[in-house]
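Student: Could you go through this one with me, please? I'd like to take the strands before the pockets.
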Amino acid sequence: HGVQVAGENYLVGRDLRSLSFDALERSSVALSEIRKVLSDSGTALGMIILDACRNNPLSDAGIGQTGLASVRGGAGLLVAYATDPGNVAYDGEGDNSAFTTGLLKNLASPHLDVRLMFGRVRQDVVRETYGRQIPWVEESVLGEHYLVSPTDSNQNSDEIVAWRDATDAGTRDALDQYLGDYPNGQF
């Protein structure tokens, strides 16, 4: 579970013994702690992926609210949630939730910026849940970031490299060469 208490998101550990704020603090990790580690690391892209139910078991005890609070972060942070604010994520059938299934399907897409990849995950989940669950992304990412580059995958990698080379050259001859090599290509 991911829960919100007093504007802070907590990722609840398995050892939550009672529905109290003290127990929550002892058995959970505050999302702000994870954000700080990513921020302090100096990486160009920090990603947090939360496939957490947003129903708050502590709300019955008068602690916290349903849903997770929006995450504010510095440049380069992307937070992907299994569902939109105030909504509850579905567990799905089988070993994985609808969100994890969509993520696994799209994670290895070659040369696809992470923001577009999460857009594809969103489409898959909305389709799978008939619109009841809409994955949500908050990001302040600068530049493009790829989890799989064309050279990491055999799928279309030669053509993608040829297209990039042709467009980088910016000449008619280079584009004609690409079209000659890939007359039915993707570009």
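Student: In strand E4, which side chains are buried and which are not?
Tutor: This is a predicted model, and in it the side chains of E4, which covers residues 46–50, alternate: Gly46, Ile48 and Leu50 point to one face and are buried, while Met47 and Ile49 point to the other face and are not.
Student: Why do they alternate?
Tutor: Because in a regular strand the side chains alternate between the two faces of the sheet.
Student: OK, and in what sense do E4 and E5 pair?
Tutor: E4 pairs with strand E5, residues 77–81, in the parallel sense, and the pairing runs over 5 bridges. As one example of how residues face each other, Leu50 stands opposite Tyr81 in E5.
Student: Switching to pockets, what volume does the largest pocket have?
Tutor: Its volume is about 280 Å³, and of the 14 residues that line the largest pocket, Ser97, Ala98, Thr101, Glu128 and Thr129 are the closest to its centre.
Student: Which helix gives the most to that lining?
Tutor: Helix H3 gives the most, with 4 residues, although H3 (98–106) and H4 (114–128) each supply at least two. By class, the lining of the largest pocket has 2 nonpolar, 6 polar and 6 charged residues.
Student: And what about the second largest pocket?
Tutor: The second largest pocket has a volume of about 170 Å³, and of its 13 lining residues the closest to the centre are Leu38, Ser39, Gly74, Ala75 and Leu77. Helix H2, residues 31–41, provides the largest share of that lining, 3 residues, and the lining divides into 4 nonpolar, 7 polar and 2 charged residues.

Note on methods: Residues numbered from 1 in each chain as written. Predicted model: local features only at pLDDT ≥ 70, side-chain atom pairs only at ≥ 80, totals over all residues. Heavy atoms only, no water. Buried < 20%, exposed > 50% of the residue type's maximum accessible area, 1.4 Å probe, protein only. Pairing = 2+ DSSP bridges. 1 Å grid on protein atoms, 1.4 Å probe; cavity = no way out; pocket = protein on both sides within 12 Å on 5 of 7 lines; lining within 4 Å. Points joined across faces, edges and corners; volume = space filled by probe spheres on them. Nonpolar A, V, L, I, M, F, W, Y, C, P; charged D, E, K, R; others polar.
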